[in-house]
Each structure stands twice: as C-alpha cells, then as structure tokens.
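This report describes one protein chain for a reader who is new to structures. Please look at the sequence and the model first, then read on.

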Amino acid sequence: MVNRKMFTRVSVGLAAAAVAALTVLAPQASAAQAGTTQGNTTQGNTTQAASARQAAVQQALKVTPNVADSGCTGRALPLDCWVHEPIVTQPSATYPTIQFLPGDHVTVDAGGCVQTGGHGATWKRYVNPASDNGLYHGLINIPGGTAGTQQIWTAVGRTFTVGGSGGSLVLGYEDDGYSDNGYYSHDDGTGNQCKGVGNAWVHIVIS
C-alpha cells in the first residue's frame with residue numbers, strides 16, 4: 001500500500017520543480033521575443049532610412065541634375081560614396097546622388113590633383129595645394145555637419161554628425177578664374193606636387 005505522506009511529498013516536490021523550470025524558461029522566452037521584436041524594429045528603421053534617402057536623391061535630382069561621376073553603393077549603412085573628378089570649373093557644385101540624413105555620421109577623405117590653367121606646370125593638389133596665392137583648395141559643405149563651406153583639407157580624416165534636415169553634398173573650388181580648370185594635359189604640377197598623382201577624388205563613408 002502506498003504511503004500517503006510519501007506520495008504527497010513526492011507530488012509537492014515535482015510541482016515545485018515544475019514551477020522552478022517555468023520560472024527559468026519564462027524570462028528566456030521573453031528575452032527571445034524581445035530580441036526578435038528589436039531585430040524587426042531595427043530592420044524596419046533601416047528600410048525606412050534607405051527609402052527616405054532614396055526619395056531625397058530622387059527629389060534632389062529633379063532640382064539639380066547629376067553632372068559628375070558620383071554616387072553611393074548599397075542601401076543599408078554604411079554607405080560608400082565617391083566623387084570622381086569633382087567639378088572645378090565653377091565655385092561650387094551640388095551632388096544630388098549623395099544625400100545626408102539627420103543623425104548620419106560622415107567621414108571624409110580626398111586626394112588627387114587638378115589642372116588650374118596657366119603657363120608651365122600648372123597642376124595642383126586638390127587637398128592642401130602648394131601655391132603662392134592661397135588659392136586652388138577643394139571645398140566641402142556637408143549640410144548640418146560642417147560649419148558651412150570649408151577647405152576640404154580641414155575635413156579629411158574627420159567624422160561629422162549631421163543635424164538639422166541634412167541635404168545634398170556640396171563641393172567647391174577656390175580660384176580667381178575657372179575657364180581653364182579641369183583634368184586635361186596632365187603635368188607634374190607646381191613644384192612636382194602632382195608627379196605620379198591622378199585626378200582629384202572625394203571619398204565619403206556614411207554610417
């Protein structure tokens with residue numbers, strides 16, 4: 001005959017063990033569910049940001065046609081963006097295919113050389129050029145990131161956080177005459193500063 005007290009103790013012990021197991025499993029299930037929810041939220045935010053950036057590009061292109069070899073690869077952050085041979089035949093130009101959104105972190109790099117026109121060896125570095133008149137600097141404006149337009153050498157290697165409403169990348173060039181600028185008839189440059197150096201470029205990473 002089964003001992004009633006022993007049976008009761010066994011039953012109570014099994015019940016307690018079951019409650020303990022459920023107590024352990026419940027937080028794990030909640031954590032897994034929270035992780036799934038967070039993952040879905042993050043993915044949703046990424047998709048929304050990509051859509052907003054693409055919409056901004058399309059809207060900007062309606063206002064300013066893309067007149068240079070520029071753009072970004074991919075849709076999700078980080079975005080790898082390039083401008084090959086930035087426009088140097090006018091004081092500034094807008095690049096509608098490179099859009100900044102509020103909260104973006106923007107890292108800048110640049111290099112290469114530009115034909116500045118004139119006599120003799122006339123190519124000069126796009127970043128921190130050697131000249132006797134303080135001209136020929138590439139310029140950059142990251143809306144909501146930089147303090148307006150600044151010489152690009154001051155932005156190279158730095159990361160800017162975009163505030164305000166963001167906007168299109170703007171690059172410029174300092175010169176007292178633009179008609180003979182460009183990327184033709186490559187020479188070694190003033191003081192050989194462009195010897196073995198290719199045409200100007202700007203590389204931007206948005207994260």
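## A buried valine and its surroundings

Valine 108 is buried, its relative accessible area being 2%. Here buried means under 20% relative accessible area, exposed means over 50%, and partly exposed covers the range in between (1.4 Å probe, protein chains only). The model is predicted, so local features need pLDDT of at least 70 and side-chain atom pairs count only at pLDDT 80 or more, while totals for chains, interfaces and linings use all residues. Residues are numbered from 1 along each chain as its sequence is written, and side-chain values use heavy atoms, with hydrogens and water left out.

Valine 108 belongs to strand β4, which covers residues 105-111. Helices (H or I, at least four residues) and strands (E, at least two) are DSSP runs, numbered from the N terminus. Leaving out residues up to four places away in sequence, valine 108 touches Ile140, Ile142, Ile152, Ala155, Val156, Gly157, Arg158, Phe160 and His203. A contact of this kind means heavy atoms within 4.5 Å. Between the C-alpha atoms of valine 108 and tryptophan 153 there are 9.5 Å, and the two residues are 45 residues apart along the chain.

## The chain as a whole

The chain has 1 helix and 11 strands. Read from the N terminus, the order of elements is α-β-β-β-β-β-β-β-β-β-β-β. Of the 207 residues in the chain, 36% are buried. Among contacts between residues at least 6 apart in sequence, 72% join residues at least 24 apart.

## Disulfides

How many disulfides does a search of the whole structure find? The search finds 2. A disulfide is a pair of cysteine sulfur atoms within 2.5 Å. The table sets the two links side by side.

| Cysteines | S to S distance | Angle about the S-S bond | Hand |
|---|---|---|---|
| cysteine 72 and cysteine 81 | 2.0 Å | 105 degrees | right-handed |
| cysteine 113 and cysteine 194 | 2.1 Å | -100 degrees | left-handed |

Cysteine 113 lies in strand β5 (residues 113-115) and cysteine 194 in the loop between β10 (167-173) and β11 (201-206), so this disulfide ties together parts that are 81 residues apart in sequence. Both cysteine 113 and cysteine 194 are buried. In the other link, cysteine 72 counts as partly exposed because its relative accessibility is 28%, whereas cysteine 81 is buried at 0%. When the bonded cysteines are numbered in sequence order, the pairing reads 1-2, 3-4.

## Charged side chains

Side chains of opposite charge can pair when their charged atoms come close. A salt bridge is a side-chain nitrogen of Lys or Arg within 4 Å of a carboxyl oxygen of Asp or Glu. Searching the whole structure gives 1 salt bridge. Arginine 53 forms a salt bridge with aspartate 104, and their closest N and O atoms are 2.8 Å apart. The pair links distant parts of the chain, with arginine 53 in helix α1 (residues 4-63) and aspartate 104 in the loop between β3 (92-100) and β4, 51 residues apart. Arginine 53 counts as buried because its relative accessibility is 8%, and aspartate 104 counts as buried at 5%.

Aspartate 187 sits in the loop between β10 and β11. Which side chain of opposite charge is nearest to aspartate 187? It is lysine 124, at 7.9 Å, and aspartate 187 is buried yet has no salt bridge. For charge, Lys and Arg count as positive and Asp and Glu as negative, while His and the chain ends are not counted. The side chain of aspartate 187 does reach the backbone nitrogen of tryptophan 123, at 3.3 Å. Apart from residues up to four places away in sequence, aspartate 187 touches Gly120, Ala121, Thr122, Trp123 and Cys194.

## Aromatic pairs

Rings of Phe, Tyr and Trp (its six-membered ring) pair if their centres lie within 6.5 Å; planes under 30 degrees apart count as stacked, over 60 as edge-to-face and the rest as tilted. By this rule there are 3 aromatic pairs. One of them joins tryptophan 82 and tryptophan 201, whose ring centres are 5.9 Å apart and whose planes stand at 50 degrees, so the pair is tilted. The pair links distant parts of the chain, as tryptophan 82 is in strand β2 (residues 79-84) and tryptophan 201 in strand β11, 119 residues apart. Tryptophan 82 counts as partly exposed at 29% relative accessibility, and tryptophan 201 counts as partly exposed at 26%.

Definitions and conventions:
Polar contact = N/O pair within 3.5 Å; in protein donor to acceptor, adjacent residues only side chain to side chain.
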